[in-house]
Amino acid sequence: MTRPRVVVVGLGDTGVLTAIALRGYADVVGITATPEFVSGQELGLRLARPEAWERDYRIAYRRFRGLDRTRIVHGTATGLDPEQRRVRVTRADGTGGDSTVAEEPYVVVVSTGVTNGFWRHPTLRDAADVDAELASPHQRLAAAGSVAVIGGGAAAVSAAAQVAERWPDTAVDLYFPGERALPHHHHRVWLRVRSRLECLGVGLHPGHRADLPPDHDTRHLTGGPVTWTTGQPPAGADVVIWAIGRVTPNTAWLPGGMLDDRGFVAVEPSLQVTGYPGVFAVGDVAATDPLRTSARNRGHVLLARNIRAHLAGNPLRDYRRPPRRWGSVLGPLRDGLIVFTPTGRGVRVPARVNDVVLQRLITRQGIYGGVRRRPR
């Protein structure tokens, strides 16, 4: 019996998990702008300790046992014919101009994510480009005497904590617009995170909203001063980290009829693209809810189940978003990791337990279905 074909466009955090979840059922083709898995998670760790970040969040695709039967195309999607379900791809190895291929899948999965600051973007790149993207911000922060982090979400909070821990002599200040940071988490989370930031010497500045012209580029580290629409004096810093959540969906290659008014992919509760049977979307690119939570919360598991049901002609199940964000916020600090439950309770995991149990056993062997050791 011929196995169905599924093309997964975007092999980031959610795309890789989706491809792995489908490995025993379909012939999967993965299209990726990077030559290896490069996660968008744990910005703070990536900035402060890139060598530690690479161990768990930059992994060659061939090391994933669950991707052994996946055909991986290093290139970028340039178009989609929704009727034929054909994806046009510009390959990275094209000679004499762009090399374009057409795939003919039964199902297309859109998991191209969003552009967010300097650490998440859809640019076609090779390993040397990724090396430079990791090294340059780290080196600039290492030379800074003062750092301002702008934003109130988890990325901003983790960046402030990790930078302050890595360089204790550097003045680190966190500026956020509300009375507290982490507004989408349970209030207990901020109480504990605030205490840890204060212990690390991070200056906390609530009620500061940055004055940004429409063309302001937040995709790079910048220098100060930072001005505010909320009336405070400008803030100076050697380096400014912009983590303000100004995301742009990576959907320029899709037909406009698939998108909502903000450019995200319009989906049904089943994660099927509205009006386009056989096309699904998952992750930060999918407009499931205001926080696009199918990027977490096992959205890939439901998606894989619904793809099988779609191809078999069976009813699809609905994605149900959690009421609040939960999980890690600060990322793995040197003394361990704090994982927050949906009710705001923090569970501390010692560093050794995080490395051996959470990363090696639960994440690599359980969630990813096995990750081979890095070649010596």
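## A tour from a three-stranded sheet to a domain interface

Begin by selecting I338 and R348, because the tour starts at a bridge between strands: the partner of I338 in β18 is R348. As you look, keep in mind that what you have open is a predicted model.

**Stop one: the strands around this pair.** Now widen the selection to β17, residues 337-340, and β18, residues 346-349, which pair in the antiparallel sense over four bridges. Another of the pairs to look for here joins F340 to G346, its bridge partner in β18. Between the two strands of this hairpin there are five residues, and if you select G344 you will find a residue whose phi is positive, near 90 degrees.

Next, add strand β16, residues 327-328, which pairs with β17 in the antiparallel sense over two bridges. Select G327 and F340 together, since F340 is the bridge partner that G327 has in β17; as F340 is also the partner of G346 in β18, you can use F340 to step across from one strand pair to the next. With β16, β17 and β18 displayed, you have an open sheet of three strands, in the order β16-β17-β18 and with antiparallel pairing. Which strands lie at the edges of this sheet? They are β16 and β18, each of which pairs on one side only. While these strands are on the screen, it helps to remember that, in a regular strand, side chains alternate between the two faces of the sheet.

**Stop two: a link across the sequence.** Select R372 and D68 and show their side chains, which meet in a salt bridge with a distance of 2.6 Å from N to O. R372 belongs to the segment that follows α8 (351-367), while D68 sits in the loop between β4 (58-59) and β5 (71-81), so this pair ties together parts of the chain that are 304 residues apart in sequence. Counted over the whole structure, there are 12 salt bridges.

**Stop three: the neighbours of β5.** From D68, move along to β5 and add strand β2, residues 27-32, which pairs with β5 in the parallel sense over four bridges. Within this pairing, select V29 and look for R71 of β5, which stands opposite. Then add strand β6, residues 86-91, which runs antiparallel to β5 and is joined to β5 by six bridges. One place to check is A77, whose bridge partner in β6 is V89. The hairpin of β5 and β6 has four residues between its strands, and R85 takes a positive phi near 55 degrees there.

**Stop four: the two domains.** Finally, colour the chain by domain, with residues 5-125 and 250-312 as domain 1 and residues 144-243 as domain 2. Their centres, taken over C-alpha atoms, are 30 Å apart. The contact draws on 10 residues of domain 1 and 16 residues of domain 2.

The two domains bury about 990 Å² between them, and 71% of that area is on carbon and sulfur atoms. Select L47, A48 and F118, which together supply 40% of the area that domain 1 buries against domain 2, more than any other three residues. Sorted by class, the side of domain 1 that touches domain 2 has seven nonpolar, two polar and one charged residues. How many salt bridges cross the interface of domain 1 and domain 2? The rule finds zero salt bridges there, whereas one residue pair is found in polar contact across the interface.

Technical notes. Residues numbered from 1 in each chain as written. Predicted model: local features only at pLDDT ≥ 70, side-chain atom pairs only at ≥ 80, totals over all residues. Heavy atoms only, no water. Domains from an automatic or database assignment. Contact = heavy atoms within 4.5 Å. Buried area = accessible area lost by both parts, 1.4 Å probe. Salt bridge = Lys/Arg side-chain N within 4 Å of Asp/Glu carboxyl O. Polar contact = N/O pair within 3.5 Å; in protein donor to acceptor, adjacent residues only side chain to side chain. Nonpolar A, V, L, I, M, F, W, Y, C, P; charged D, E, K, R; others polar. Pairing = 2+ DSSP bridges.
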